[in-house]
Amino acid sequence: MDLVIPLSRRGEPLYRQVYGALRQAILTGTFVAGQRLPSTRDLAEQLGISRTVVVLAYDQLLAEGYVAGRAGSGTYVAGGLTPRPAANTPTPARIRLSRFGTAAASIAPTIASTRTAAKPRYDFAYGRSDVECFPFEVWRRMLSRCAREAPISALDYGPAGGSEALREAICAHLRRSRGVVCEPAQVLIVSGSQQALDLIARVLIERGDRVLIEDPGYQGTREALRAAGARLHGASVDRDGIDPATLPQSARLAFVTPSHQFPTGSILSLARRQALLDWARRKHAVIVEDDYDGEFRYEGQRLESLQGMDTEGRVIYVGTFSRTIFSALRIGYLIVPKTLQPAFSAAKWLCDRHTSTLEQEVLAAFIEAGYYERHLRRVRRRNTSARNVLLAAIEKHLGERVEITGAGGGAHIVVWPRSPVSEEEAIAAAAARGVGIYGIGQYYLQRPSRTGFLLGYSRMRESDIREGIRRLARVL
């Protein structure tokens, strides 16, 4: 244990200075009851003083009951002492925040309170992976093997863009599953999609730039753009996705979730995908395609990504493994046009050099060995079954009282009551019955025109889905 005790060769004897510093640390809770103090020899060496001085200080603490000695073991802080605030605690300085810091501080309470409450018995939480069916034993074996076989050079700093093996694996997978047209050099590995959104804002947005977002839309995108000083233009969303009639005359960027619009769940039709690309070409805008759960589609033919339809290099593709593997992995990726690759790689380097190398290598091996696609097939089957149970339960217990969107893909739906309902009162009433539902109002730029509730189903047992909807029907 290293201790910092400022000593003066003038004034009080050295042993009294050491005694006073240790006593203060014990009284203010820096040292807690039962904690072992450094040996007299170690502390003397740290402070550059005689061991006799430290022995005298410890003896004084022992005599006054602040510490207790254990034969052959050392000196420990005594129990039964009540910590008290340090005397003369300085007043915190008032430090001026930057514009970005001020914007970040404004959403701090929201972030701190996100899902900290106790979970209800029937929790229709959304935005989470199905960790119960993930092959953790396979992952552990691969993690252990990569750690054992990694050369010493792999422990040094890696490329800012990410592991070459992982970038190649992601390219191969996206070409097959999402129709993405890319090369490994265009892939940038990031610490989750939120970092991807932040990097896009830093690299491409100047304060005051107009940016198009979906309304309603993902609040993580909205707040990252607000912190960057963007002027937000909300484009309306209906059953076919973002409405081309509400696109602005000009905008620097457009952020969209075409495969399963968040939060409404609508899927952007082919005609509207083409209209959005035409708009970007005419307005010289960049489109950011957030494909957060595009791997899950249950109805009709899967539409290719916007990026795959882009012929001018105007689409940046954002993906993440948080929804398909597990959130704690913190690995996402950007597919950027070749002209933007140098700027984004440098921005990533400035942000955090690179994402953790070992996890990247494990994920690359997991994908290359076919385990990832096998896991996706398993999750799709489970999601399909849970979704069917959810829709059947809603039909049975709620019937024509509600409208549903988002059932064609993803891992959540939105239930829209046809009669006027207070979002806050309905959430509270459902919670009182042990049911967790989540309002859509927080995702609108302005006051929402309708009340809706997000119901996720990827982590719920089928029996819990049925019972949860039965109880919810008493509320709606």
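**Notes on the predicted model**

1. A good place to start is Leu476, which touches Leu398, Arg401, Val402, Val415, Pro417, Val421, Ala426 and Phe453, leaving aside residues up to four places away in sequence; contact here means heavy atoms within 4.5 Å. Please keep in mind that this is a predicted model, in which local features need pLDDT of at least 70 and side-chain atom pairs count only at pLDDT 80 or more, while totals for chains, interfaces and linings use all residues. Residues are numbered from 1 along each chain as its sequence is written, and side-chain values use heavy atoms, with hydrogens and water left out.

2. Leu476 also belongs to the largest nonpolar core, which has 60 residues; Leu476 is listed there with Phe321, Tyr333, Leu363, Ile394, Leu455 and Ile469 as the residues with the most contacts inside the core. Helix α13 (residues 371-397) gives the most to this core, eight residues. A second, separate core has 26 residues, including Leu197, Phe255, Ile316 and Leu334. For the terms: a nonpolar core is a set of buried Ala, Val, Leu, Ile, Met, Phe, Trp, Tyr and Cys residues joined through side-chain atoms within 4.5 Å. Buried means under 20% relative accessible area, exposed means over 50%, and partly exposed lies in between (1.4 Å probe, protein chains only). Helices (H or I, at least four residues) and strands (E, at least two) are DSSP runs, numbered from the N terminus.

3. Strand β11 (residues 332-335) is worth a look next. Gly332 and Leu334 point one way and Tyr333 and Ile335 the other way, and all are buried. Tyr333 is among the residues with the most contacts in the largest core, whereas Leu334 is part of the second one.

4. Which strands pair with β11? Strand β4 (residues 187-190) runs antiparallel to β11 and is joined to it by four bridges, with Leu334 as the bridge partner of Leu188. Strand β10 (residues 315-320) also pairs with β11 in the antiparallel sense over four bridges, and there Gly332 is the bridge partner of Thr320. Two strands count as paired if DSSP finds at least two bridges between them. In the loop between β10 and β11 sits Arg330, a residue other than glycine with a positive phi near 55°. Arg330 is partly exposed, at a relative accessible area of 37%.

5. Helix α11 (residues 341-352) has 12 residues and reaches 17 Å from its first C-alpha to its last, close to the 16 Å expected at 1.5 Å a residue. The expected span is 1.5 Å times one less than the number of residues. Its buried residues are Phe344, Ser345, Ala347 and Lys348. Seen down the axis of α11, these fall within an arc of 160°, so they line one face of the helix; the arc is that of the directions from the helix axis to the C-beta atoms. On the other side of α11, Pro342 and Leu350 are exposed. The cover over the buried residues of α11 includes β4, α7 (193-204), β10 and β11. After α11 comes Arg353, with a positive phi near 65°.

6. Helix α5 (residues 136-149) makes a nice companion case. Val138, Trp139, Met142 and Cys146 are its buried residues. They cover an arc of only 95° around the axis, which puts them on the same side of α5. Glu137, Arg141 and Arg148 are exposed on the other side. The buried residues of α5 pack against α12 (357-368) and α13.

7. How many disulfides does the structure hold? Zero, where a disulfide is a pair of cysteine sulfur atoms within 2.5 Å. The sulfur of Cys146 is 20 Å from the closest cysteine sulfur, in Cys171, too far for a bond. Cys146 is buried, at a relative accessible area of 15%.

8. Back near Leu476's contacts, four strands form an open antiparallel sheet in the order β12-β13-β16-β15. β12 (402-405) and β15 (438-439) stand at the edges, each with a single partner strand, so one side of each is left without a neighbour in the sheet. Val402 stands opposite Pro417 in β13.

9. Two peptide bonds deserve a glance. The bond from Asp215 to Pro216 is cis, with omega near 10°, and Pro216 lies in the loop between β5 (210-215) and α8 (219-227). Phe262 and Pro263 are also joined by a cis bond, with omega about 10°.
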